[in-house]
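Me: Please take a close look at one part of this protein for me. I am in my first year, so keep the sentences short and explain the terms.

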Amino acid sequence: CGVVGIWGAPDAAALAALGLHALQHRGQEAAGIVTHDGERFWQHKGLGLVGDVFSDARMMGTLKGKSAIGHNRYATTGGTLLRNVQPLYADFEFGGLAVAHNGNLTNAATLRRALVKRGCLFQSTTDTEVFVHLIAISLYATVLERLVDAAKQVKGAYSVVALTPDFLIGLRDPLGVRPLILGRVADGGWMLASETCALDIVGAEFVRNVEPGEMVIIDDEGIRSLRPFGKTSPRFCVFEYIYFARPDSILEDHSVYEARKQIGVELARESGVEADVIVPVPDSGVPSAMGYAAESGIPFEMGIIRNHYVGRTFIEPTDQIRNLGVRMKHSANAPALRGKRVVLVDDSIVRGTTSRKIVDMVRAAGATEVHMRISSPPTRHPCFYGIDTPEESQLLAATHSVAQMAEAIGVDSLAFISFDGLYRALGHDDRADAEGRYCDACFTGDYPIELVDKEGHLVS
Ligand code: 5GP
Ligand code: SF4
Ligand code: MG
């Protein structure tokens, strides 16, 4: 998901909508904005793309005020229902509170059972609502204390934005698995966003990352910071660099684009092959293919063209649609492929559906050899921290060796980036040098945050 927050800026709703538009890649299922105008809250939410949900000028006019939070939904927990669309808003004795969340709680189901037993009535199936109930039943007096109280009970990955009549709040989980960025809008207002590309679209200035385990509180006096968890050691999601984030974003002080290009360079060094053209699977494979081509000296060609009017195939729900989506999305540019030995570069193989289709298509267009290079290690485990990977049994790499995968997708050769190569591309000496600095659980199975719901531990 993508989140934004605005404080102290005229037209806060429009800034939030633009920010969400820049974060559209983080979730295409639904979008919502809640504003506050000094007296009351206003909200609008809907299913679909940001541009469709916020297209009506009259409706935008009703989202009054100088503060706002917004959310793009990418379902990891909870179905595609309007009542699951964030931000969630609730009335409290201290005033109202709106909350939006990127990530996934690993003890949401466990907490929810306990809350339901205590009489809490849930309206949605999202894990974000667990947060809201924990705030509601907290015995602390102020909203800030209650938020901290709630944060200490949840486990998992979360970058939260929250809005009250008095503050805009940004909160990152202790390991900082998902990003959250702080910026300033031109006329003195503040902005929070999942990625820097959301600041860029409205001309906001990057200030700094919200730190892992940090809660920032923004009001008319400025910004304060709390450290409810004390000192923590971060584990940023490495897959944000590989695939999820937009390439023009700077995350944790690294350019996503440079990281992807450099992975391509490392891939070419590790698993070069004689070929005539380097072809990305667009869009996600483009920067790594550029790096691969530059390092190998083999020409880069757009041998596959992507239709941009189809959403990310992965996010569409059923297998049938996903298969259909893949064909709708990519087509072969035959003149660039005919008679050529082709190296295809993509970011990941999940189920293998995309790769298999694309390889067939490239061969049908006349390629004489097809080699596949992947800018991530094999995806062998599901993500429980906010990226929607299928369960283990559906992951091609969980049940197949690399050689078996090559056969399954029909390529002449297949290679994935090594962990050393991946971490070198991110500026480390090797894998050991990056040890304990990132989450890479979907590749290693080393989950840095306890999977409470999955393992059925009791909450105390
Ligand atoms: P597959 O067809 O192997 O299941 O999916 C691989 C393709 O899905 C890659 O081209 C990758 O860019 C794309 N993809 C889209 N969303 C995701 C996601 O959330 N996780 C992963 N691992 N790949 C995704
Ligand atoms: Fe990112 Fe993978 Fe960790 Fe999920 S499991 S947070 S996708 S690195
Ligand atoms: Mg892709």
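How many residues has the largest nonpolar core, and which of them have the most contacts inside it?

Reply: A word on the model comes before the core. This is a predicted model, in which local features need pLDDT of at least 70 and side-chain atom pairs count only at pLDDT 80 or more, while totals for chains, interfaces and linings use all residues. Residues are numbered from 1 along each chain as its sequence is written, and chains are lettered from A and ligands numbered from 1 in the order in which they are written.

Now the core. The largest nonpolar core has 144 residues. Those with the most contacts inside it are Val4, Ala16, Ile69, Ala162, Val342, Leu344 and Val362. A nonpolar core is a set of buried Ala, Val, Leu, Ile, Met, Phe, Trp, Tyr and Cys residues joined through C-beta atoms within 7 Å. Buried means that 20 or more other C-beta atoms lie within 10 Å of a residue's own, exposed means 12 or fewer, and partly exposed is in between; C-beta atoms are placed from the backbone.

Helix 1 (residues 12–22) gives the most to this core, with eight residues. Helices (H or I, at least four residues) and strands (E, at least two) are DSSP runs, numbered from the N terminus. Domain 1 (2–234) and domain 2 (257–432) both supply core residues, so the core lies between them. The domain bounds come from an automatic or database domain assignment. Taken over C-alpha atoms, the centres of the two domains are 34 Å apart.

Take Val4 next. Leaving aside neighbours within four places in sequence, Val4 is in contact with Ala16, Gly19, Leu20, Ile69, Gly70, Val161, Met191, Leu192, Ala193 and Ala198. Contact means that two C-beta atoms, placed from the backbone, lie within 7 Å.

Cys1 sits in the segment before strand 1 (2–7). Cys1 is buried, with 25 other C-beta atoms within 10 Å. Not counting residues up to four places away in sequence, Cys1 touches Arg26, Gly27, His71, Asn72, Arg73, Tyr74 and Asn102. The UniProt annotation "active site", from an unreviewed entry, covers Cys1. UniProt positions are given in the numbering used here, feature names are shortened, and annotations may be inferred rather than shown by experiment.

Pro179 lies in the loop between strand 8 (168–172) and strand 9 (181–184). Pro179 counts as buried, with 26 C-beta neighbours inside 10 Å. Beyond its neighbours within four places in sequence, Pro179 is in contact with Ser159, Ser194, Glu195, Glu240 and Leu251.
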